[in-house]
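Open the model in your viewer and keep the sequence panel beside it. The tour goes from the whole chain to single residues, one selection at a time.

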Amino acid sequence: MGQATHYLITDGQRYIGCDKETREIIVVDSFKKAYKRKYKQINNIYNNYRATLLSDADWKILSTIEVKTDLTEVEAKIDVDFIMESLEMDFDLLVKRKKFLELKRLEIEREITDVYHAMEFYNLNAAKGYKIYKMMQERLIRRRQNKDEILKIDYILSGGISGLTSKETRKQFEALENRQYQPRVLKELFEV
């Protein structure tokens with residue numbers, strides 16, 4: 001059996017709450033502090049305080065579900081068919097972008113292989129050695145950016161709409177942005 005629906009009193013920005021110490025009915029600024037009870041109890045408070053505490057604004061009794069789900073954005077008619085087409089086009093565009101990025105990564109990998117071989121076969125002076133280092137660094141950075149974008153696309157495609165609405169895909173993006181490399185062998189290269 002589902003949980004009973006609770007109600008509260010709000011003017012759209014503030015709520016009616018209850019002071020924990022004095023047990024007085026007061027105005028509070030957060031949903032968390034709002035007094036949430038069954039409709040009959042909330043209606044009694046509304047009727048008792050309508051002429052005093054509730055006289056300064058357009059206070060209403062709403063269910064907690066209505067307040068948690070802000071429906072003001074969808075009050076006006078929306079074009080659901082357009083949204084569906086847009087989502088299909090966006091997902092199709094992501095699939096195409098992923099294929100493009102995979103081809104670009106192969107190209108970058110070939111460039112990296114060429115730089116590796118130049119480093120292997122030639123003795124370079126300081127100037128040429130630095131130049132080849134910068135060439136390698138630039139390609140490695142591009143490859144990392146490429147891999148990250150492919151990963152993000154994979155997160156979106158595999159998570160689908162449910163991943164977006166549950167914020168799971170957003171969490172994956174944030175984890176990707178906050179990751180750190182752990183050296184496998186040459187730890188001394190990463191010591192500060």
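Contact, as used on this tour, means heavy atoms within 4.5 Å. This is a predicted model, in which local features need pLDDT of at least 70 and side-chain atom pairs count only at pLDDT 80 or more, while totals for chains, interfaces and linings use all residues. Residues are numbered from 1 along each chain as its sequence is written, and side-chain values use heavy atoms, with hydrogens and water left out.

**Whole chain**

Select the protein chain and show it as a cartoon. The protein chain has 5 helices and 4 strands, where helices (H or I, at least four residues) and strands (E, at least two) are DSSP runs numbered from the N terminus. From start to end, the order is β-β-β-α-β-α-α-α-α.

Now zoom out. The C-alpha atoms of the protein chain occupy a box of roughly 90 × 50 × 35 Å along the principal axes. The radius of gyration of the protein chain is 29 Å, against near 16 Å for a compact globule of 192 residues. That radius is taken over C-alpha atoms, and the globule rule is 2.2 Å times the number of residues to the power 0.38.

Switch to a surface. The protein chain exposes about 15,400 Å², and 53% of this comes from carbon and sulfur atoms; the areas come from the Shrake-Rupley method with a 1.4 Å probe, and for residues only the protein chains shown count as cover. Of the 192 residues in the protein chain, 20% are buried. Buried means under 20% relative accessible area, exposed over 50%, and partly exposed in between (1.4 Å probe, protein chains only).

Among the contacts in the protein chain with a separation of 6 or more, 62% join residues 24 or more positions apart.

**Residues before the long-numbered helices**

Select Arg23, in the loop between β2 (15–18) and β3 (25–28). Its phi is near 65°, a positive value in a residue other than glycine. Is Arg23 buried or exposed? Arg23 counts as exposed, because its relative accessibility is 53%.

Go next to Ala34, which lies in the loop between β3 and α1 (39–49). The C-alpha atoms of Ala34 and Arg23 are 13 Å apart, with their positions 11 residues apart along the chain. Ala34 counts as buried, because its relative accessibility is 8%. Beyond its neighbours within four places in sequence, Ala34 is in contact with Leu8, Tyr15, Ile16, Gly17 and Val28.

Then pick Thr64 in helix α2 (residues 64–68). Thr64 is buried, because its relative accessibility is 13%. Not counting residues up to four places away in sequence, Thr64 touches His6, Tyr7, Leu8, Phe31 and Lys36.

**Helix α4**

Select residues 126–165, which form helix α4, and look for a kink of about 100° centred on Gly159. The bend at a residue is the angle between axes fitted to the seven residues ending there and the seven starting there.

Show side chains for the buried residues of α4, including Ile132, Met136, Arg139, Asn146 and Asp148. Tyr155 and Ile156 are also buried in α4. What do these buried residues pack against? They pack against α3 (80–121) and α5 (168–177).

Centre on Ile132, in helix α4. Ile132 is buried, because its relative accessible area is 13%. Apart from neighbours within four places in sequence, Ile132 is in contact with Val115, Ala118, Met119 and Leu124. A distance label from Ile132 to Leu93, 39 residues apart along the chain, should read 36 Å between C-alpha atoms.

**The loop after α4, and α5**

Select Lys167 in the loop between α4 and α5. Phi of Lys167 is near 70°, a positive value in a residue other than glycine. Lys167 is exposed, because its relative accessible area is 51%.

The last stop is Phe173, in helix α5. Phe173 is buried, because its relative accessible area is 18%. Leaving aside neighbours within four places in sequence, Phe173 is in contact with Lys152, Tyr155 and Ile156. To finish, label the distance from Phe173 to Ala127: the two are 46 residues apart in sequence and 39 Å apart in space, C-alpha to C-alpha.
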